[in-house]
Amino acid sequence: MIRVVLPAHLRTLARVGREIELDVPGPVTQQSVLDAIEAQYPMLRGTIRDATTLRRRSLVRFFACQQDLSHEPPDAPLPEAVVKGIEPYLVVGAMAGG
Amino acid sequence: MSGVRVLVGTRKGAFILTSDEKRQKWDVCGPHFAGWEIYHLKGSALNPDRIYASQSSGWFGQMMQRSDDAGKTWEPVGNDFGYNGDPGTHMWYDGTQHPWEFKRVWHLEPSLSDADTVYAGVEDAALFRSTDGGQSWTELSGLREVKGHLWQPGAGGMCLHTIILDPNNPNRIVIAISAAGAFRTDDGGTTWLPINKGLHSPYELPDPDADVGHCVHNISMHPSRPNVLFMQKHWDVLRSDNAGDMWHEVSGNLPTDFGFPIAVHAHEPETIYVVPIKSDSEHYPPDGKLRVYRSRSGGNEWEALTNGLPQSDCYVNVLRDSMAVDKLDSCGIYFGTTGGQVYGSPDSGDTWTPIVRDLPPVVSVEVQTLS
């Protein structure tokens, strides 16, 4: 299972706790994880990435294993520790004041 | 027992204020959607328990929420606001062309004839309609064909903020955009006309009398006289007696004719309300005195309403969707401020009381009259 940590506002929206677990079929990439999030929690469509272009929203970041993956290609494999469920994949609201 | 429900949208959540017909004791419920910007909430006239809310965030974008139990519980509905086809470009602040980009929903207007139909005015300016209770949205894109390339953002963005449905003619809708002006459809939203004759904007437009480009801040109408429209423009208060075909200024003796909201009394179609603001660069009341101005003659002659409002050291703003009226026998007037106060008057504006004082900055106020 892939572990995903969502920011507080999205947890409220999806009515979930700090961490969710997802069954992600096939290669585990940022795109496949985000697809799985949106399939399981359709109310999050458009909140992490644009619903049409699928581009990451500009004030959302992706972290895992102490790395910033925000600018990695969406179809690049995620770190092995994320794939094995040892480390979570973090969806983070960028620090921008407020 | 009759009463009122005041729907308040703020920069950090929504609040619902309820009272009986005396409007002296208030129950405050909220924040709903804590931490999110709630640009607007509005209830259906056909089913008052159905309320729509626009929930947005600079981080996570636009969400739409619907309640079918008067705001006790909410369900997310559709948030896909895709423009029809290639949306093209509009004018940017510097006069160059800029791509059309959806940012947020500013205003929601439930249909007067079908509880599942609701209109949404968005930034970058466009009008959308849902016929399934907000689950899906379709753009009425004929609007942007009216010289959309000449529309430009005001200081708050290029927002479609006013939607007026004609109670006698379901095919007639009037909308307003900052800064494009006012527009009307007479065929249910397929084709649109600019209705800006008589508007004069010498400090904002190279052609002060252009047919599009004016910064209209708000328009209001009394349902018994849908051809009479009242407008608060960037500068100037105006009225039209022919559904917007021609406007004339009624600023009269106002201390300043800059402002944002304009409202019409529920039972007196010639009684209107504005909140004068010092200027476009100083968004607070003149002289630090928060004064609502009332005209009982449809404009030109105005009186200051001050009883209960701060008359010194007050430097809040009142935004365009932040004033509303109830329909009780003694008409109630309500407005919210960027300082987080919501003031109410149960007697047409003669006396005012703060219902709440310390909310986040108020973006919108709507009222439901409950029977």
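Is B:F33 buried or exposed? Hold that one for a moment while we get our bearings. What you're looking at is a predicted model, with scores of ipTM 0.84 and pTM 0.94. For chain B, the mean pLDDT comes to 97, and 100% of its residues reach 70 or more.

Back to the opening question. B:F33 sits in the loop between β3 and β4 of chain B, and it is buried, because 25 other C-beta atoms lie within 10 Å and the cut-off for being buried is 20 or more. The backbone of B:F33 is worth a look too: phi is near 55°, a positive value in a residue other than glycine. Just before it in the sequence, B:P31 lies in strand β3 (residues 27–32) of chain B, and a cis peptide bond with omega of about 0° joins B:G30 and B:P31. As background, most residues other than glycine have a negative phi, and most peptide bonds are trans.

There's another pair of such backbone features elsewhere in chain B. The peptide bond from B:E123 to B:D124 is cis, with omega near -10°; B:D124 lies in the loop between β11 (118–123) and β12 (126–130) of chain B. Then there's B:A243, which has a positive phi of about 60° although it is not a glycine. B:A243 is found in the loop between β20 and β21 of chain B. In its surroundings, 19 other C-beta atoms lie within 10 Å, so B:A243 counts as partly exposed.

Now zoom out to chain B as a whole. DSSP gives zero helices and 30 strands. The radius of gyration of chain B is 19 Å, close to the 21 Å that the globule rule gives for 371 residues, so chain B is as compact as a globular protein of that length. Along its principal axes, the C-alpha trace of chain B spans about 50 × 45 × 40 Å. Buried residues make up 53% of the 371 residues. If you take the contacts in chain B with a separation of 6 or more, residues 24 or more positions apart account for 50% of them.

Two of the sheets in chain B make good stops on the tour. One is an open sheet of four strands, ordered β4-β5-β6-β7, with antiparallel pairing. Its edge strands are β4 (37–43) and β7 (75–77) of chain B, each of which pairs on one side only. From one strand to the next, the twist averages 30°. Within this sheet, β4(B) runs antiparallel to strand β5 (residues 51–57) of chain B, and six bridges join the two. To see the register, find B:L41: its bridge partner in β5(B) is B:A53.

The other sheet is also open, with four strands in the order β18-β19-β20-β21 (chain B) and antiparallel pairing. Here β18 (216–221) and β21 (248–249) of chain B stand at the edges, each with a single partner strand, so one side of each is left without a neighbour in the sheet. Strands β19 (residues 229–233) and β20 (residues 237–240) of chain B pair in the antiparallel sense over four bridges, and B:M231 stands opposite B:L238 in β20(B).

What does B:Q368 touch beyond its neighbours within four places in sequence? It is in contact with B:V4, B:R5, B:G43 and B:P48. B:Q368 itself is found in strand β30 (residues 362–370) of chain B, and it counts as buried because it has 24 C-beta neighbours inside 10 Å. Another distance to try in your viewer is B:Q368 to B:T10: they are 358 residues apart in sequence and 18 Å apart in space, C-alpha to C-alpha.

Chain A has another make-up. Its secondary structure comes to three helices and five strands, following the pattern β-α-β-α-β-β-α-β along the sequence. With 98 residues, a compact globule would have a radius of gyration near 13 Å, and the 12 Å of chain A agrees. The C-alpha trace of chain A spans about 35 × 25 × 25 Å along its principal axes, and 28% of its 98 residues count as buried.

Finally, the place where the chains meet. Here 13 residues of chain A are in contact with 13 residues of chain B. On the chain A side, the largest share, three residues, comes from helix α1 (residues 8–14). The residues on that side divide into seven nonpolar, five polar and one charged.

Key:
Residues are numbered from 1 along each chain as its sequence is written. Chains are lettered from A and ligands numbered from 1 in the order in which they are written. This is a predicted model: local features need pLDDT of at least 70, side-chain atom pairs count only at pLDDT 80 or more; totals for chains, interfaces and linings use all residues. Two residues are in contact if their C-beta atoms, placed from the backbone, lie within 7 Å. Ala, Val, Leu, Ile, Met, Phe, Trp, Tyr, Cys and Pro count as nonpolar, Asp, Glu, Lys and Arg as charged, and the others, Gly among them, as polar. The radius of gyration is taken over C-alpha atoms; the globule rule is 2.2 Å times the number of residues to the power 0.38. A residue is buried if 20 or more other C-beta atoms lie within 10 Å of its own, exposed if 12 or fewer, and partly exposed in between; C-beta atoms are placed from the backbone. Two strands pair if DSSP finds at least two bridges between them. Axes are lines fitted to C-alpha atoms, for helices over the stretch in contact, and angles run from 0 to 180 degrees between N-to-C directions. pLDDT is the predictor's confidence in each residue, from 0 to 100.
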